[in-house]
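Visitor: Before we begin, I should like each term explained as it arises. Please show me the model.

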Amino acid sequence: MLTRLLRAYLRPYGGQIVILASLLVAQTLGNLYLPNLNADIINNGVIKGNLHYILSTGEFMLLLTLLVSICAVVAVYWASRVAMGAGADIRRDVFTRVQTFSARDMNHFGTASLITRNTNDIQQIQLFLQMALTMMVIAPIMCVGGIVLAVSEGPTLSTLLLVAVPVMALFIGVVMVKVVPQFRSMQIKIDRINQVLREQITGVRVIRAFVRNESEASRFEGANADLTGTALRVNRIFALALPVMMVILNLSSVAVVWFGGRLVSEGSMPIGNLTAFLSYILQILMAVMMAVMVAILLPRAAASAERVEQVLETAPVVTDVSSPTNPTERTGLVRFENVSFSYPGSERPVLADLTFSLEPGQTSAIIGGTGSGKTTLLNLIPRFFDATTGQVVVNNVDVRIQEQEFLWSSIGFVPQAAYLFSGTVASNLRLGRPEATDAALWQALEVAQAHDFVAAMPGGLDAPIDQGGTNVSGGQRQRLSIARALVKQPSVYLFDDCFSALDAATDARLRGALKAGTRGASVIIVAQRVSTIMNADRIIVLDDGRIVGMGTHGELLTSCGPYREIVVSQLGEDAAA
Amino acid sequence: MTMGPMGAMRAMHGAAVPGLMSRDPRGTLRRLLARLRPERVKVLLALFLGVASVGFMVMGPKILGNATNVLFNGIVGKQLSPGMTKEQAIELLKAHGQGQIASMISGMNITPGVGVNINELGRVLGLAALVYLFGAAFSYLQGFTMAGVTQRVMSGLRRDIEEKLSRLPLRYFDSHPHGDVLSRVTNDIDNLTTTLQQGLSQLITSVLTIAGVMGMMLWISPLLAVVSVVTIPLALVVTLLIAKRSQVQFAAQWDQTGTLNGLVEETHTGHQLVQVFGRSRATIDEFSRQNTRLYEASFRAQFLSGVIQPSMQFIANINYVAIAVLGGYRVASGVLSLGAVQAFIQYSRQFTMPITQIASQMNMLQSGIASAERVFEFLDAEEEPPELPSALYAGPQASGAGSVRLENVRFRYEPDKPLIEDFNLDVAPGQTVAIVGPTGAGKTTIVNLLVRFYEIDAGRILLNGIDYRDLTRDEVRSAFGMVLQDTWMFAGSIRDNIGYGRPEASDAEIVAAAKAAYVDSFVRTLPDGYATVLDEEASNLSSGQKQLLTIARAFLANQSILILDEATSNVDTRTEVLIQQAMARLREGRTSFVIAHRLSTIRNADTIIVMDAGHIVEQGDHHELLGHRGLYYSLYNSQFIEAANNGNHRAGS
């Protein structure tokens, strides 16, 4: 997963990576050559008492050091460019892909999960990339180069590496096998603790009302003890890992001096080479440790890559056809022809064989119980979902052969949960029509019964709105959300039970004004409250995905049993008389 | 139009890692260290183990150097004719004009004609191996001890956080964004744990190592030590210079991450709106702009901090060359042994590593302290006033009545904004009180006071004749059964969610409650029935179903006083009819407070409280209030009369 993702996103940086790799090779070779020079200083300078040689070699060493450092700095430059660049590219592609998702795709992942995938997961990959880009080149070169040089310096002595390297590798392998699963379980336990705390914050009223503080505390205590135990185990393994690696490293040095010392005393190796050899062995083992550091980040990055790829590989279920036909005229006519809808894999249809048409200039209402399919019906019009069979026609053209953007431009949508974007009142109202004048905004606010409170807000139209609209009340949010749809002046209005937070008086005034405000367009209202919809030109009563009644309030009272039942329950027997 | 200036507030709880600006880092550090006090014995032990470990570790290269000396002595000694004394050999060399070698030998411990003493070499190397083993053993013990210390400290801190949550007044949750509180108790704690886990132990080792290595270098050769010491300030200055710049960029990176996270969160949450309002392209443009900014900032941060390592290496290498050259001179002139130079080179390597480490640990520490500050700020938040010790009250079930009396109650959310002034209400057991009023009239305020989520400012509330202040909050709340506006579910089975108010309830009781709330048949259609596990947002249920479950929860809790807060606003009307019947049964013999928009449900209430703009404007029964011709009258007419007229009109036409 990770390699595939990285291969795809590193391809555009091929040139930079070649530069980066060559710089790293140069840097590593330079670093490998330095101990050699040191050996020369000892063999040819110190032992022979040649001060001039010491000085000139010293100068050369400094020069080499400078070159190595320059290589390293430039390499870091390109590594950062490539890693951060690839991260930004992945982020952009994930974001752009999500923009094409239909409601079903969104539900499949869940909003919260998509946010995490778009941000934290990519950050993990980026972090890994930054490390890997440098280490993955340096470590092997250093390891191989170190071995080659060590062998050339002292072939006999190098047999030591046959012991030291496998011992190190074996130990690291054992630690990884032990730590990685623990690491994973620790992450799960951190998530668990965060979940318990999150529930305590969001559910504070319920917890206190039901006097459950103590049981919540014990639930937390359990999770806390669990996490502490695992974290302790992981950290104790780590506490062991570093000293053991140091011991392997240091004992290798001791062994080098012991066996090397015999060779030196036999005269088969110059003593200066011993010092160089010590440096090489240090470097080889360092390279192994570096590789381990990258390897530790690997499982987390791989998990993140998998989650990111899932998003990138999801083809949106709702797409434009190759040669779309857009309506020539926006009349506002909406027609359902034998429309059925069922979720994939489910046997029971949510909507079954619906046929009706909604005329421009008319207000139609849809009423029915929870789960009767009201919202689903509404969602078929802007193609949040596609009908399973039959066709939905807007402006005389099947929605599936229209360009989605064109279709959407005909629709004013007010969702059940009013959501405002951070910015100002005006920036929210202009969402669908950026060029709307202030006068047009005030007019829409007037219709939506939002004029007075917006005028009273400090700054009026320029009053700030927090993300989600959390700084205005639920009812104000709904009214602003309605005004936003009005500013757009579409030919079809969809109101999805968006009057629920309004009190009856405001609701009544709003509906009165709405008639004039939406003149000429089709208005479709989904509602729970009878009072909201009883003035509609046509009411469609849904029950279990089927139309059980269609007509005006008066007609339905006499002809439709389920409707009458609703009216009686909400308004009393008098209203139905 | 842009998606809006994502301001400082967003960055505050949008960023995964807090900014690096802290207000009182020193005080926070002191407080953090104070939390180590209960562990002081262990910390001292760890410190001692650290000193021992570093002590052994820094002795290693010196001993290895001695081994080199043994070797070198042997090689040089072998080249000289046997039988001579060292002095004779030196004289001989000087006579041959090899003054330099002669002076080198003068500083060495050699016997002419004798080669490498393998036994001596073995002894020295054995010692080195032993020293390294001891060093590692102590290092392990130190790590082991510190792992326990940090985990216990963090576990304690997490426990304090959780206890704090239960002691905070509801006012705190209402006035602080949930996202920010959450970020403090999760992200900041995580960040702090990482800092303590990785930073503290290593920081101690790094500082000790620098001290130890410095000591060893001074011991071997003060002159070479001076050379190395000169490079320390250089390394420090370079590190500080770079770190200062990179920190600014890191801060920018986290700020920008916060901004981008905010934009992503906002766009994904309002996904359908963005699509239908034709904002997809504009949003992608805006995202690309922010994304590029994040790229620039993070590139600069990564690059700058990445420069530290090569710079340190460069300085280390200068040091290395200086030691090789100077050391070479000194050995050649006989003042220093070859082994000493070799040891020195190893020391200089050991020296620069802790300095680089300290640089990165300081970075981490600063981020950790910023988090600690936010955590302490949370822990310092004002708590609910303490309660009197409970003894007075035998529990609501025992007294069984359920009368509530409010006398001259005064309450304000903000001290200078009058809200509820001099409010009186007497509710006899079994009566129903309806609270009505337009949107945002403050109906939940009454609930907040009744269940004592907020404390009243003046007057008193009596539960079954006993003043609230003589009861504990838990005792007050135990008397109330609630169906709240937000249908909160926790991650767990449906059974556990229904049984939340009475964990000891039997399965039969759970099913009975579910049946009463008309949710039993729905639950049975789920594959796992009552064992079906809900996720945290209960996203596998519709809002109506969630509401029914909350009602079942209240049924089961079976308290003497009931609060229904717009309980049925999301339930379909046909189910609502059934619920209303069940509620009526439940209300029998119970006192109830109902908040609802449906005037039909309110008409039969014993008392109606009409609220507007936070104040109680009218109080009385249906007929009295209609007679007042006030707000209730107009509220009632706007819905009911219109409905009735239309109904009659249409029906008649």
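Guide: What follows is a set of questions on the two chains, their interface and some of their helices and strands.

Visitor: What makes this a model to be read with cut-offs in mind?

Guide: This is a predicted model, in which local features need pLDDT of at least 70, side-chain atom pairs count only at pLDDT 80 or more, and totals for chains, interfaces and linings use all residues. Residues are numbered from 1 along each chain as its sequence is written, chains are lettered from A and ligands numbered from 1 in the order in which they are written, and side-chain values use heavy atoms, with hydrogens and water left out.

Visitor: How do you know which residues of chain A and chain B are in contact, and how many are there?

Guide: Contact means heavy atoms within 4.5 Å. By that rule, 151 residues of chain A are in contact with 155 residues of chain B.

Visitor: What is the area that chain A and chain B bury between them?

Guide: The size of an interface is often given as the accessible area lost when the parts come together. Buried area is the accessible area (1.4 Å probe) that two parts lose on being put together, summed over both. For chain A and chain B the value is about 14,200 Å², with 65% of it on carbon and sulfur atoms.

Visitor: Why is the pair B:Arg281 and A:Glu405 called a salt bridge?

Guide: The term requires a side-chain nitrogen of Lys or Arg within 4 Å of a carboxyl oxygen of Asp or Glu. The N to O distance between the side chains of B:Arg281 and A:Glu405 is 3.4 Å, so the pair qualifies. The rule finds three salt bridges across the interface of chain A and chain B.

Visitor: What counts as a polar contact, and how many residue pairs between chain A and chain B are in polar contact?

Guide: A polar contact is a pair of N or O atoms within 3.5 Å; within protein, one must be able to donate a hydrogen and the other to accept it, and residues adjacent in sequence count only if both atoms are side-chain atoms. Between chain A and chain B the count is 21 residue pairs, both residues being at pLDDT 80 or more. On the side of chain A that touches chain B, helix α8 (residues 213-266) of chain A supplies the largest share, 28 residues. By class, that side has 78 nonpolar, 51 polar and 22 charged residues. Here Ala, Val, Leu, Ile, Met, Phe, Trp, Tyr, Cys and Pro count as nonpolar, Asp, Glu, Lys and Arg as charged, and the others, Gly among them, as polar.

Visitor: What makes a stretch a helix or a strand, and how many has each chain?

Guide: Helices (H or I, at least four residues) and strands (E, at least two) are DSSP runs, numbered from the N terminus. Chain A has 20 helices and 12 strands, and chain B has 23 helices and 12 strands.

Visitor: Why is B:Ser206 called buried?

Guide: Buried means under 20% relative accessible area, exposed over 50%, and partly exposed in between (1.4 Å probe, protein chains only). B:Ser206 has 1% relative accessibility and therefore counts as buried. B:Ser206 lies in helix α8 (residues 178-220) of chain B and touches B:Pro354, B:Gln357, B:Ile358 and B:Gln361, leaving aside residues up to four places away in sequence. Buried residues account for 57% of the 653 residues of chain B and for 58% of the 577 residues in chain A.

Visitor: Why is helix α14 of chain B described as largely enclosed?

Guide: In α14 (residues 443-450) of chain B, seven of the eight residues are buried, so the rest of the structure largely encloses this helix. Among them are B:Ile446, B:Val447 and B:Leu449. Just after α14(B), B:Arg452 has a positive phi of about 60 degrees.

Visitor: How do you know that both faces of strand β10 of chain B are covered?

Guide: B:Thr591, B:Phe593 and B:Ile595 on one side and B:Ser592 and B:Val594 on the other are all buried. In a regular strand the side chains alternate between the two faces of the sheet.

Visitor: What makes β3 and β10 of chain B a pair?

Guide: Two strands pair if DSSP finds at least two bridges between them. Four bridges join β3 (residues 432-436) of chain B to β10(B), so the parallel strands meet the rule. B:Ala434 stands opposite B:Val594.
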